[in-house]
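Here is a set of short exercises to work through with the viewer open. Try each task yourself before you read the solution.

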Amino acid sequence: MSVSIHVENVVKQYGPVTIIPDLSVDIRNGEFFTLLGPSGCGKTTLLRMIAGFNSIEAGTIRFDEQVINAIPAHKRNIGMVFQNYAIFPHLTVRKNVEYGLQFREVSKAEMATRVDDILKTVRIDEYQDRLPERLSGGQQQRVALARAIVVHPSVLLMDEPLSNLDAKLRVEMRGAIRDIQKKVGITTVYVTHDQEEALCISDRIAVMREGVIQQVGGPQAIYARPANTFVATFIGHSNLFNATWSGGELRFAPGYACNLGDHMRSDAREGRVVAGVRPEEFHLSDSGTGLAARIVKTTFLGRYVNYELAFADATLRPDQAAIEFSQDVGTAKRVFEPGETIHLEVNPAKINVFSEDGISLMRGVAP
Ligand SMILES: Nc1ncnc2c1ncn2[C@@H]1O[C@H](COP(=O)(O)OP(=O)(O)O)[C@@H](O)[C@H]1O
Ligand SMILES: [Mg+2]
C-alpha cells in the first residue's frame, strides 16, 4: 500500500554544518512529487533521510501516521532508483527484477506472475533473458525501475535517474517514468536539478535552495506565479525590471505603465518593486508605445525566434544572465535583426511583481 509522507521541521547536519535548517512538506498518497533545485541544495540529503540512509537531527518524518525516524532503511518498504543504475551485470534482466523479491515471502508462482507483470509495465519483457551489458542506458534504467517497484513499495524514491542518459533518451524516459508511475500509483519522490524535467513529469514540485523550500505547487501554478525572484529565474526564464508600484499602476523605469487590475495583493506597499516578465509575455507594439529595446542577438529556432535585448540604463535589475524576448514564428510578421529597435508591451495579467527583496506581491501566492 502506498502512503502519504509528512516531513515536519526536520534538520540535517553534517558535523558542524547545517544543510537543512528546518524543513516541512507534505507529500500526498499516490502523487508524483519532485524536489527541484540547483546542485548542492540538499535534495539528495532529504531523499536519503526519507529512505533511512541519513540520520535526522531533529523533527519527524511520518509515513501516514507512523513516525519512521527510528525505523531502519530495509524496513521502510521503499523502492529506490539512482542515476547509476545499480543493476547486477552478471544477472539477466529477469533475474535482476526477481532479486528484489527473493527476500520476501512470495511463492514461486506469485513471483513469476509479478515479474511478468512488471516487465510488461516497463516494456522490457522482450529482453528478459539478456544481460544488462546488451541493453541501452534507457533499457537499463527500466530494469532498475522494475526491480524497485516489483516489491510493491510504499514509496518510490528516484534520485536524478535520467542524468546519465543522452538528451533524446532523457525526454523519452521521463514520459515513460511518468506513465509507469501513473499506472502503478505509488507515492513517488523524484529528485532533479532540471527544471524542464520537473515541469513535465510532476504532479507537484518543491523548489529548494540552500536546504530551504522556496515554493510548493503544481508545475503551471509555479511557472505562472513564482513565490520569489529565485523561483522566477530558476524555473523558466524571467527578465527582471526596476519598477514602481503606486496608485494601482505599475510603472517601469522608462515611464511605461500598466494597470494590473486586481492581480496584486491589496496590501502591497507602494514604492520601488521588481517586475518579472517572461520572454513569451512581451508583445510587439506597432504604435511605438511600451518599452524601447535594441536587438542584440537573433536566434532562429523554428517555432520561435529568441532575441537577446538591451534596454536603456537603469531599466533592468543588475546582474542578469540574459534579457530575452521570444517571438512566436507562427504569428510574426517578420524577424528582426541585431541593431534594430523594437517596442514591447507586456501582458499585465502575466506580470509578476516582487518586493525589492524578491518576495512575490501577487494575490494568492503562497510560499
Ligand atoms: N556525507 C556528507 N558529509 C558532509 N557533507 C555532505 C555529505 N553529503 C552531502 N553533503 C553536503 O550537503 C550539501 C547538499 O548535498 P546534496 O544533498 O547532495 O545536494 P543535491 O542533491 O541537491 O545536489 C552539499 O553542500 C554537500 O556538499
Ligand atoms: Mg543530489
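A residue counts as buried if 20 or more other C-beta atoms lie within 10 Å of its own, with C-beta atoms placed from the backbone. Keep that cut-off at hand for the exercises, and bear in mind that this is a predicted model.

**Exercise 1. A strand inside the structure**

Task: Work out which residues of β8 point one way and which the other, and explain why the strand is described as largely enclosed.

Solution:
- Start with a general rule: in a regular strand the side chains alternate between the two faces of the sheet.
- Now apply it to β8: T187, V189 and V191 point one way, while T188, Y190 and T192 point the other way.
- Check burial on both sides: all of these residues are buried.
- Strand β8 (residues 187-192) thus has six of its six residues buried, so it is largely enclosed by the rest of the structure.
- Next, look at the neighbours. Strand β3 (residues 32-36) pairs with β8 in the parallel sense over five bridges, and T34 has Y190 as its bridge partner.
- Strand β7 (residues 155-159) also pairs with β8 in the parallel sense, over five bridges; here M158 stands opposite Y190.

**Exercise 2. One face of a helix**

Task: Find the buried residues of α1 and decide how they are arranged around its axis.

Solution:
- List the buried positions in α1: K43, L46, L47, M49 and I50.
- Look down the axis of α1: its buried residues fall within an arc of 155°, so they line one face of the helix.
- The general background is that an α-helix has 3.6 residues a turn, so residues three or four places apart point the same way.
- Finish just past the helix: α1 is followed by G52, whose phi is positive, near 100°.

**Exercise 3. Around the ligand**

Task: Describe the shell around ligand 1 and say which helix gives the most to it.

Solution:
- Collect the residues surrounding ligand 1: Y14, I19, G37, S39, G40, C41, G42, K43, T44 and T45.
- Sort the shell by character: three residues are nonpolar, six are polar and one is charged.
- Assign the helix: α1 (residues 43-51) gives the most, with three residues.

**Exercise 4. An open sheet**

Task: Give the strand order of the open four-stranded sheet and identify its edges.

Solution:
- The order is β2-β1-β4-β5, with antiparallel pairing.
- The edges are β2 (17-27) and β5 (66-67), each of which pairs on one side only.
- At one end, seven bridges join β1 (residues 5-14) to β2, with H6 opposite D26 in β2.
- Two residues lie between the strands in the hairpin of β1 and β2, where G15 takes a positive phi near 55°.
- β4 (residues 58-63) and β5 are joined over two bridges, and F63 stands opposite Q66 in β5.

**Exercise 5. Nonpolar cores**

Task: Locate the largest nonpolar core and see which helix supplies its largest share.

Solution:
- The largest core has 64 residues, and L145, A146, I149, V155, L157 and V207 have the most contacts inside it.
- Its largest share, six residues, comes from helix α4 (residues 137-149).
- Zoom in on A146: leaving out residues up to four places away in sequence, A146 touches V97, I118, L119, V122 and I124.
- Apart from this core lies another of 24 residues, including W245, I323, F325 and I351.
- For the wider picture, 38% of the 367 residues of the protein chain count as buried.

Definitions and conventions:
Residues are numbered from 1 along each chain as its sequence is written. Chains are lettered from A and ligands numbered from 1 in the order in which they are written. This is a predicted model: local features need pLDDT of at least 70, side-chain atom pairs count only at pLDDT 80 or more; totals for chains, interfaces and linings use all residues. Two strands pair if DSSP finds at least two bridges between them. A residue is near a molecule or strand if its C-beta atom, placed from the backbone, lies within 6 Å of it. Ala, Val, Leu, Ile, Met, Phe, Trp, Tyr, Cys and Pro count as nonpolar, Asp, Glu, Lys and Arg as charged, and the others, Gly among them, as polar. A residue is buried if 20 or more other C-beta atoms lie within 10 Å of its own, exposed if 12 or fewer, and partly exposed in between; C-beta atoms are placed from the backbone. The arc is that of the directions from the helix axis to the C-beta atoms. A nonpolar core is a set of buried Ala, Val, Leu, Ile, Met, Phe, Trp, Tyr and Cys residues joined through C-beta atoms within 7 Å. Two residues are in contact if their C-beta atoms, placed from the backbone, lie within 7 Å.
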